[in-house]
Amino acid sequence: MNKITNHDQLLQLEHPFVKIPLEKFKSSLKVSQKHIEKEISTLTNTVSDISKKSQQGDMNPAEVEKALEAIVHRLSNLKRRLKDTRAEESLYSQRTKVRLQHLQEFTTIPTLDSDGFGRWSRVRLNRILVDYMLREGFRETAALLAKSEGIEEMVDIELFVQSRKVEQALQRFSCTECLQWCHENKSNLKKIKSTLEFSLREQEFIELVRKRQTQEAIAYARKHLIVWQETHMREIKKVMGLLAFPPSTNCQPYKGLYDASRWKKLIARFRADNFALQCFTPEPILNVTLQAGLSALKTPMCYIDEHRNVNCPVCDGETLGALATDLPLSHHLNSTIVCRISGQIMNEDNLPMVLPNGYVYSYNALMEMASMNNGKATCPRTGAVYDISQIKKVFIS
Ligand SMILES: [Zn+2]
């Protein structure tokens, strides 16, 4: 029957799914509020200024009219801006609503083998796959899948499009776009104690030194590195040492500072900070979900060559086994006996059978082998061939 007894357990993985649009909604709301507050304070000051000056006779009616027109102009600008943020707010509030409804639907599903769960988990799988593809850079495929499955409101394609532009610029060895991104997200980056901006400034300095533009590099350091001296003095001293070493140097740590691999690290750091700001999980949800399942299967036997089970996903060291490497072992209260030939569990429905040489295999696997080999079964470990009549049941007490 596979009754779902605790819906909350599954929903624990869905935290970012709702948080992403909700946070975007909140930040859009904040932007609107900021615009309104700023304009209202300017408006109040200007109006009181106009009334004061016109009472004192410092402004003639034509000047007053002009000042009022300027206010109207500012207010229409505000209206236009609010219209844009309003569109964004309704987009993200709609997304939050759709996502909550999707999760709500799950809580009404009673069993894992019901049709409702089949439909629901298909949507979940597809949105998880879209997230995975977006992270791996397959944007178009992700968009096609989201469209064909009608789940556009459950995925965040546009957020990846923006960050992709920054990543592409870093791949072209340009920090400009990423620095701009840091500027736009300054207060939030400060909250997560990000030092990405310092690393970008360091890199721009390194590039100037690489071109041997020493004067420019020193001026750059004075302007952009010194502001970090309180927290990054050691790094600043180290990078300034580059001025004495040409790019061809073999001397560490300067050789490392010139290394192009630093750009890859910058991309990784940008990704990590960007995911943290947008409430994305650092790992794709696909990996997290798979790992939750793999941790229930992982045993010490999975990583011992001669004990690998053909039916166990963790035993495949190159795919899911690799994903399970850092996971804890699953907790088993009872031993499970697994057939070496078929990988199936041996129990009362598939009895363990012993060959005359002492090796034990499952009834189903030996019978299947015998049916295809004139009643003979071959021991896969020793190669010995036995007649099916020589095989006996094993009783484990
Ligand atoms: Zn295994």
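Analyst: A residue is called buried when its relative accessible area is under 20%, exposed when that area is over 50%, and partly exposed in between. The model discussed here is predicted.

User: Why is cysteine 315 called buried?

Analyst: Its relative accessible area is 7%, and the limit is under 20%, so cysteine 315 counts as buried. Cysteine 312, with a value of 14%, is buried by that rule as well.

User: What makes cysteine 302, cysteine 312 and cysteine 315 donors of the zinc ion?

Analyst: The SG atoms of Cys302, Cys312 and Cys315 coordinate the zinc ion at 2.2 to 2.3 Å, and because a sulfur atom counts as a donor within 2.8 Å of this metal, these three residues qualify. Along the sequence the donor residues are spaced C-x9-C-x2-C.

User: How do you know whether leucine 320 is buried or exposed, or something in between?

Analyst: Leucine 320, which lies in helix H15, has a relative accessibility of 27%, and since the range between 20% and 50% is called partly exposed, that is the term for leucine 320. Leaving aside neighbours within four places in sequence, leucine 320 is in contact with Leu290, Leu294 and Pro313.

User: What makes glutamate 23 and lysine 26 a salt bridge?

Analyst: The nitrogen to oxygen distance between their side chains is 3.2 Å, and because a salt bridge asks for a side-chain nitrogen of Lys or Arg within 4 Å of a carboxyl oxygen of Asp or Glu, the pair meets the requirement. The two residues are three places apart in helix H2, which means that about one helical turn separates them. Glutamate 23, at 26%, and lysine 26, at 44%, are both partly exposed.

User: How do you know that the pair of glutamate 158 and arginine 95 links distant parts of the chain?

Analyst: The closest N and O atoms of glutamate 158 and arginine 95 are 2.9 Å apart, and the two residues form a salt bridge. This pair joins glutamate 158 in helix H6 to arginine 95 in helix H3, with their positions 63 residues apart in the chain. Glutamate 158 is partly exposed at 24%, whereas arginine 95 is buried at 8%. Both residues also belong to a network of salt bridges that links Arg95, Arg99, Asp156 and Glu158.

User: Why is glutamate 167 called buried, and what is said of arginine 164?

Analyst: Glutamate 167 has a relative accessible area of 6%, and this is under the 20% limit, so the residue is buried. Arginine 164, at 29%, is partly exposed. The two form a salt bridge, with the closest N and O atoms 3.7 Å apart, and both lie in helix H6, three residues from one another.

User: What makes the approach of histidine 7 to isoleucine 109 a polar contact?

Analyst: A polar atom of the side chain of histidine 7 lies 2.9 Å from the backbone oxygen of isoleucine 109, and because the limit for such a pair is within 3.5 Å, the distance fits. The side chain of histidine 7 also reaches the backbone oxygen of phenylalanine 106, at 3.5 Å. Histidine 7 lies in helix H1 and is buried, with a relative accessible area of 16%.

Notes. Residues are numbered from 1 along each chain as its sequence is written. This is a predicted model: local features need pLDDT of at least 70, side-chain atom pairs count only at pLDDT 80 or more; totals for chains, interfaces and linings use all residues. Side-chain values use heavy atoms; hydrogens and water are left out. Donors are N, O and S atoms within 2.8 Å of the metal (3.2 Å for Na, K and Ca); water is not among the atoms, so sites may look incomplete. Buried means under 20% relative accessible area, exposed over 50%, partly exposed in between (1.4 Å probe, protein chains only). Helices (H or I, at least four residues) and strands (E, at least two) are DSSP runs, numbered from the N terminus. Contact means heavy atoms within 4.5 Å. A polar contact is a pair of N or O atoms within 3.5 Å; within protein, one must be able to donate a hydrogen and the other to accept it, and residues adjacent in sequence count only if both atoms are side-chain atoms.
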